[in-house]
Amino acid sequence: MNAIDLARAQLLAPSGLSEIDLERVLGQLLGHRIDSGDLYFQSVRQESFMLEDGIVKEGNFSLDHGVGVRAISGEKTGFAYSDDIILPALIQAVDAAKCIAETGKTQAVRAWDRKRLITPLYTCKSPLEGLATADKITLLREIDSYTRKCDPRITQVVVSLSGVFETILIVGSDGTFQADVRPLVRLNVTVIAQSQERRETASSGGGGRTTYDYFTENDRAFGYARDAVRQALINLDAIEAPAGAMTVVLGPGWPGVLLHEAVGHGLEGDFNRKGSSTFSGRIGERVASPLCTIVDDGTIPERRGSLTVDDEGTPTQRTILIENGILKGYLQDKLNAKLMGVASTGNGRRQSYSHIPMPRMTNTFMLPGPHLPEEIIASVEKGIYAVNFGGGSVDITSGKFVFSANEAYLIENGKITRPVKGATLIGNGPDVMQKIVMVGNDLALDEGIGVCGKEGQSIPVGVGQPTLRIDDLTVGGTKN
Amino acid sequence: MSRALPVQLPELVDEHRYQQTVTKMLAIAKELGATQAEVGLQSSVGLNVSVRKADVETLEFNRDKAIGITVYCGQSKGSSSTTDISDDSIRSAVEAAINLAKLTEADPFAGLAESKDLATELIPLDLYHPWDLAVEDAIELAKQCEKAALSFDRKIVNSEGATVSTAQAYHVYGNSHGFLGFYPTSRHSLSCSVIAQDQNGMERDYQYTLSRKAEELEDATKIGQESAKRSLDRLSAKKLPTQRLPVIFDATIASGILSTFINAISGGRLFRKTTFLLDSLGEQIFPSFVNLYERPHLLSGWGSTAFDGDGVKTTDKDFVKNGVVNSYILSAYTARKLGMQNTGNAGGVHNLFIDTGKDDLKGLLRKMDRGLYITELMGQGINLVTGDYSRGAAGFYIENGEIQYPVHEVTIANNLRNMFKNIVAVGNDVDRRSSIQTGSILIEEMMLAGS
């Protein structure tokens, strides 16, 4: 079965909703002088397991489904939803959503474009059912005992495993009739290491739009365990981080959270339509050093940030944001694309049926450059080499962004020397991007752990980059 | 456009039905073999209206409900939740939880709170004041607010809009000891965010007002004007050279310092040994003038509740007395795990206060004389295992006790132990919009990283 058939069977059949009903409901929405509207049906099954103190203490299962109704009139959006997928609730939501319209002309619902079957980027098998619960528990126990054997200084291990299986159906007045079946798995290992009186913690994990087999393939789960142990032990020896502006070398992969904060959010279509971003109106201008080419790519198979179609039914794509330092484009959903006179880039995303779609990132990364990573480190006389980060955030209007390193080292005379404690790095997006003076040839994407928050909505995303050298970034350490 | 909220609470919150659903779910759990069970249900309705550049931008109707169960089969635990509270659905949810409990492993500390600790009285706390707000009135209010901001100064060049929100919720918790607690709450707010611009670039800031009672919201025009003023004040900010200096955390963000402390003395972190305040009971952590206390039964308080997340009776408590840690923050599980007395804090603290000093903000600035007055923090940079603190900051440079110019793009860092110990004064400019209420806090020294 393709995604549309699966969605129809899962979302419409149980409540006896027919496509004629949907057409009628959409017609009712448009009948009230609304430019366009859509219905977003969603069903999410989710499970999680947590191991701590050597035992699997908790298992949780949740089931959520509902339908969101959106009505658009010019720049206005009316929105309502129901957690009952039944006709009367749907009609009630339509009545609420359409009270946005004051003016506008009556429009017809376009015939649904059903020929467009998009090749899925991931399996339509449910991760929840692919493995028996007992086997999931065994997996957690194996990871626990493996982790504890890694080093006697490991005093606590927490392993968490989660799987999500989501089915969505989007029908829109513009002829959209699309579905997507989305698996998502995640495994995380957190450890506490203790040496005399000093304790440190570290976490490592990964996942993607696939099934739990992913974690046993290539020993991935044990790889996360080793990485968490390695980081915690390194941090036991960390000295105070320096404070002040200095050269910073960022490692490949997850440190790409830099791009997500410094550039990505500021290039989202809504902010640029409204002129509230530091990047507003700057298409064609130089906004980064010529070494920088940055893309957002939602089409990479099985990646955490990927989507076959976005939450408005638009197929995802690879969008060039910055090419050789020149700003090329923004990330668009349907509403903002229409208002800016461009096409949607397939970046219309929402947390769930109870949230309004917005332009959001998928997998955002920088393309590789000419330098060997060793060469980049060797070029730095004094600075910081940061390879792992917690989270970050940005003020898209002023361009100020922060991200917090939790594994970093001093670079002295071209060599990595001592580990330093975690510190927050701060800069201004457009300034910092101009100060990227070397780009490595070692592009890597993150392991599949990113969560992006915007206006209270959380969604899974990916980031990536090669090793980068940035001259003059402020490091928030404690040592003068 | 002249429609009232299409779904009113009396229709949505069928109190009797929700209480019955919880009781029914507990009975199903027992029938299916659970030794113990607990169920939480929350249902809410709300309206959000956003206006931008004098026109409606979004009109959003919220209506949510969710029910969750935790079952214990012996000492093993399983849980499940769903948004569908039909009979079939709650039965499947119980089955799912029991199936999980059969497979998870026995935890000797798992289980409900002791019967003797449960709340016996549902004290009325004045938390529910629904706002009969018509959509068009909400729009007018938001427009008034934004207009005040946009017309405040010609340097206010753009708007992120003004938003009026109202929400009502109903909470039920029951467990197989026979406890059944329930209460409705309301929450109303008005916020505004605008962008100021000068030759050095754009800055945005916001202001908001929040109350359980609509009539206690601050004036819309005042909120708009303050949001404009806050954005304007940030224009042409400078970096500061890297240095050690005293700082003041504005009351609006100082609650974050206290919530970090609360988190660090919480049971979950204590038994996992993931806190720098391990074994801190009886230890002098703050200067002796610091007293931190919880008042769960404050009328209309943001954290007010008669029972905690385990159904346990909440009581007045002192967490810090004369600077010394007097009590941890424990739930049924963490108390058993640590071999201590339950403090009725499953789910956190319920209204936290700190004794304030005589100075208002101006007085604090004078007391600091020279330093950084911080009005915004960015990023997560707090490691509770080690107490290391490093965050992005923006605010104002202070000299001779007066604001000199705005500051941005700097970080401040220290260890939380030092920060707590070196609190010099707490202002009386208390921000009442949070369940953790404090005035501005002056700290003797932080490491500032800048240019």
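Let me start with the strand pairing across the chains: E3(A) and E2(B) pair in the parallel sense over three bridges, where two strands count as paired if DSSP finds at least two bridges between them, and where strands (E, at least two residues) and helices (H or I, at least four) are DSSP runs numbered from the N terminus. Within that pairing, Thr77(A) has Thr58(B) of E2(B) as its bridge partner.

I should say that this is a predicted model, in which local features need pLDDT of at least 70, side-chain atom pairs count only at pLDDT 80 or more, and totals for chains, interfaces and linings use all residues. Residues are numbered from 1 along each chain as its sequence is written, while chains are lettered from A and ligands numbered from 1 in the order in which they are written.

Taking the chain contact as a whole, 66 residues of chain A meet 60 residues of chain B, with contact meaning that the C-beta atoms, placed from the backbone, lie within 7 Å. On the chain B side, E2(B) gives the most, with nine residues, and among the other elements that supply at least two residues are helix H3 (87-103) and strand E14 (388-399) of chain B.

Turning to chain A itself, the domain assignment, which is of the automatic or database kind, gives domain 1 (3-236) and domain 2 (243-476). Their centres, taken over C-alpha atoms, are separated by 23 Å, and 31 residues of domain 1 of chain A are in contact with 26 residues of domain 2 of chain A. On the domain 1 side of that contact, E2(A) provides the largest share, five residues.

Key: Contact = placed C-beta atoms within 7 Å.
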